[in-house]
Amino acid sequence: MRGLPRRGLLVRGLPHEGIVMMLASPTTLVAEVTYRCPLRCPYCSNPLEMSRSAAELSTEDWMRVVTQARALGVLQLGISGGEPLVRADLEPIVASARQAGLYTSLITSGLGLSTARAASLRDAGVDHMQLSLQDSNRDGAERIAGTRSWDRKLEAAKVIKALGIAFTINVVLHRANLDHLESIISLAESMGADRLELANTQYYGWAVPNRRALMPTRDQVNRSLDIVDRATERLRGTMQILYVLPDFHGQDPKPCMGGWGNRYIVVAPDGATLPCQAARSITSLSFDNVRDHSLQWIWQSSSAFNAFRGDAWMQPVCRACARKELDFGGCRCQAFLLTGDATSTDPVCALSPHRAMIDQALAEDVEEQYVYRTMRMTPSQ
């Protein structure tokens with residue numbers, strides 16, 4: 001499960017903001033309270049090797065992190081995972097966020113969201129819930145999720161709506177469901193969602209070994225743009241649609257997370273603190289832990305958060321480019337995964353010497369089978 005904010009990509013439906021040149025306060029804390037999840041989605045961006053529940057931060061740890069985040073200037077909290085509902089202590093964590101004055105979103109698969117649990121979380125302080133869907137029909141959705149989940153998701157949507165909680169549906173798009181986009185939009189509309197987030201797959205975590213099965217065709221992408229534009233106009237004032245543009249099919253890199261270390265703090269289940277959800281894929285960096293340092297120290301002084309702030313780290317092609325104030329040099333995780341060097345020009349960029357890697361990926365043969373997400377653990381745990 002992932003959500004909030006879908007990695008800061010170029011999005012239709014949101015105003016674009018320019019580069020942050022000074023170290024400002026972060027706006028958002030993403031609390032990944034667990035990697036445990038009943039779904040097995042083949043595009044999941046959680047690590048291939050995940051820590052056991054025994055390594056997760058305690059209730060008191062999370063309450064301390066939330067308080068420190070607000071003192072640092074954070075305005076909103078996204079509780080994510082994995083599936084957050086597997087933790088029985090969400091209510092006191094949420095209550096601490098309400099007491100601190102944070103706007104709190106719960107990003108959930110919906111599995112385990114009974115009426116009683118949803119009401120308890122609402123009363124504790126959850127302002128908004130984001131529910132993931134995998135497709136517009138049972139067979140497609142359960143094949144992608146790797147488990148029976150359709151009925152429980154539909155019931156979760158009814159629960160959220162009945163309790164009057166602000167309600168977003170998130171759908172990760174890829175080759176298998178992009179042709180169902182009109183049906184997906186209609187389904188979200190029938191559920192009464194306030195917002196629909198349509199997010200094309202980004203190739204991190206489990207999406208890397210599944211890239212050949214997930215990569216959409218250019219025709220699919222082109223058709224999707226027209227469908228989204230027409231639906232956005234038709235549903236204006238009724239349901240907001242955010243469309244996260246596909247990355248590999250473009251010529252310009254994405255402004256990942258609004259710039260590295262500019263707006264977001266992600267705290268992983270074990271307390272490692274990251275500038276983005278996929279940052280630990282950059283193995284040349286080390287990430288400080290909230291068990292050892294305050295959130296303020298990590299934000300201001302840690303080597304990881306400072307690694308790609310500003311433009312001194314950029315390769316000459318990026319540093320001389322006017323678009324650096326729009327895309328912040330692109331995605332560092334993607335650059336590292338594809339080139340082995342996190343300072344490389346994002347290969348998606350048309351000016352990158354590595355752009356051929358993207359073109360080759362677009363031309364790969366289709367793979368029909370998924371490598372499903374599993375709960376494989378780190379050997380040390």
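Visitor: Which phi does G146 take, just after helix 4?
Guide: G146 takes a positive phi of about 75 degrees, just after helix 4 (helices are DSSP runs of H or I, at least four residues, and strands are runs of E, at least two, numbered from the N terminus). This is a predicted model, in which local features need pLDDT of at least 70, side-chain atom pairs count only at pLDDT 80 or more, and totals for chains, interfaces and linings use all residues. Residues are numbered from 1 along each chain as its sequence is written, and side-chain values use heavy atoms, without hydrogens and water.

Visitor: Which residues of helix 4 are buried?
Guide: Helix 4 spans residues 138-145, and its residues G140, A141, E142, I144 and A145 are buried (under 20% relative accessible area with a 1.4 Å probe, protein chains only; exposed is over 50%, partly exposed in between).

Visitor: Changing topic, how many aromatic pairs does the structure hold?
Guide: The structure holds 5 aromatic pairs (Phe, Tyr or six-membered Trp ring centres within 6.5 Å; planes under 30 degrees apart are stacked, over 60 edge-to-face, the rest tilted). One of them joins W260 and F308, with centres 5.0 Å apart and planes at 85 degrees, so this pair is edge-to-face.

Visitor: What does the pair of W260 and F308 tie together?
Guide: W260 lies in the loop between strand 8 (240-244) and strand 9 (264-267), and F308 in the loop between helix 10 (303-306) and helix 11 (316-319), so the pair ties together parts 48 residues apart in sequence.

Visitor: Are W260 and F308 buried or exposed?
Guide: Both W260 and F308 are buried.

Visitor: Which cluster do ring pairs link?
Guide: Ring pairs link W260, F308 and W313 into a cluster. W313 is buried at 13% relative accessibility.
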